[in-house]
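Q: I'm new to this one, and I'd like to get to know a single part of it properly. Please walk me through that part and what sits around it.

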Amino acid sequence: MTDNADAHTRAAEKLIVALDFPTVSAAQNMTALLPDELRFLKIGLELIYAGGLPLAKTLAENGRQIFLDAKLSDIPNTVERATASAAKLGARFITVHGSDRKTLDAAVRGRGDSKMQLLAITVLTSIDANDLREQSISMSPAELVLTRARMAKDSGFDGVVASAQEAKSIRAELGPDFLIVTPGIRPAGVAAGDQARAVTPADAIAAGADYLVVGRPITAAPDPGEAARAIIAEIERAL
Ligand code: C5P
């Protein structure tokens with residue numbers, strides 16, 4: 001492969017498209033519009049409850065990388081068994097709520113020796129300082145994110161889902177190998193929608209993100225394939 005083709009492939013590997021759709025057929029139609037080099041797809045709660053798990057298995061069998069955004073949270077025995085079941089689907093990433101050590105440790109046990117990588121949800125970006133105060137938590141959201149990211153790494157997690165604003169401090173504290181997966185991405189000139197603190201693909205890469213999750217800027221674009229190619233090009237320039 002030439003250096004240029006190599007750089008393009010590396011950029012395309014960093015983009016994860018969020019398949020936030022109510023039906024399997026809508027998700028499949030979108031997948032068919034994406035460029036071939038884009039391999040990573042995120043299946044979240046909306047699609048999981050609408051046939052998304054068999055779809056995840058099929059896509060993984062066809063060579064796609066699957067980010068199962070399952071946001072697991074339950075007693076340790078249930079989290080362990082759910083993680084083990086998810087690993088059998090062939091997912092590459094799964095998310096687990098990382099607010100306590102027992103849940104994290106259970107997911108690590110459930111993953112066993114599968115290749116599935118574990119990502120902790122530290123603090124949802126919808127949570128603000130007032131929400132924490134209501135729970136008698138005096139830390140700021142940013143401090144709590146770091147505390148939980150540290151705990152996730154210590155427990156054996158591979159990384160976290162974090163906003164680009166949080167990525168810098170997580171990268172500085174937890175080192176180069178801890179994965180940072182960043183949603184809330186908006187290319188310049190695209191409507192932010194409900195993402196309050198959106199950043200551009202280039203800024204997210206500069207902040208230390210390993211993977212960017214992008215939904216509507218691609219899936220709601222008039223030409224999703226073209227929108228995805230433009231974001232891949234922006235990532236490539238930023239790398
Ligand atoms: O359409 P959009 O690009 O906003 O989609 C972002 C995706 O990332 C959605 O699937 C959303 O659930 C997810 N996400 C997010 N913010 C977080 C965590 C996940 O937007 N803090």
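What follows is a close look at helix H3 (residues 45–61) and its surroundings.

A: Before we start, this is a predicted model, where local features need pLDDT of at least 70, side-chain atom pairs count only at pLDDT 80 or more, and totals for chains, interfaces and linings use all residues. Residues are numbered from 1 along each chain as its sequence is written, and side-chain values use heavy atoms, with hydrogens and water left out.

Let's begin with the helix itself (helices, H or I, of at least four residues and strands, E, of at least two are DSSP runs, numbered from the N terminus). If H3 were straight, its 17 residues would span 24 Å at 1.5 Å a residue (that is 1.5 Å times one less than the number of residues), yet its end C-alpha atoms are only 21 Å apart. H3 also has a bend of about 90° at Gly51 (the angle between axes fitted to the seven residues ending there and the seven starting there), with Pro54 coming along within four residues. After the helix comes Gly63, with a positive phi near 90°.

Now for the inward-looking part. Leu47, Ile48, Gly52, Leu55, Ala56 and Leu59 are the buried residues of H3 (buried is under 20% relative accessible area, exposed over 50%, partly exposed in between, with a 1.4 Å probe and protein chains only). Among the elements covering them are helix H2 (24–33), strand S2 (40–43) and strand S3 (65–72), where contact is heavy atoms within 4.5 Å.

Those two strands are also partners. S2 and S3 run parallel, paired over four bridges (two strands pair if DSSP finds at least two bridges between them), and Phe40 has Gln65 as its bridge partner in S3. Put H3 between them and you get a right-handed β-α-β unit of S2, H3 and S3; right-handed says that, with the strands pointing away from the viewer, the path from the first strand over the helix to the second runs clockwise.

The pattern carries on to the other side of S2. Strand S1 (residues 15–18) pairs with S2 in the parallel sense over three bridges, and Val17 is matched with Leu41 there. S1, H2 and S2 form a right-handed β-α-β unit as well.

Have a look at the side chains of S2, too. Phe40 and Lys42 point one way while Leu41 and Ile43 point the other, and all of them are buried. In a regular strand, side chains alternate between the two faces of the sheet.

Ile43 is also one of the residues with the most contacts inside the largest nonpolar core, which has 66 residues, and Leu15 and Leu68 are among the others. (A nonpolar core is a set of buried Ala, Val, Leu, Ile, Met, Phe, Trp, Tyr and Cys residues joined through side-chain atoms within 4.5 Å.) Helix H7 (residues 141–155) gives the most to this core, six residues. Phe40, by contrast, belongs to a second, separate core of 12 residues, which also includes Ile16, Ala18 and Val213.

One last oddity nearby in the story: Lys71, found in strand S3, has a positive phi near 45° although it isn't a glycine. Most residues other than glycine have a negative phi. Lys71 counts as partly exposed because its relative accessibility is 25%.
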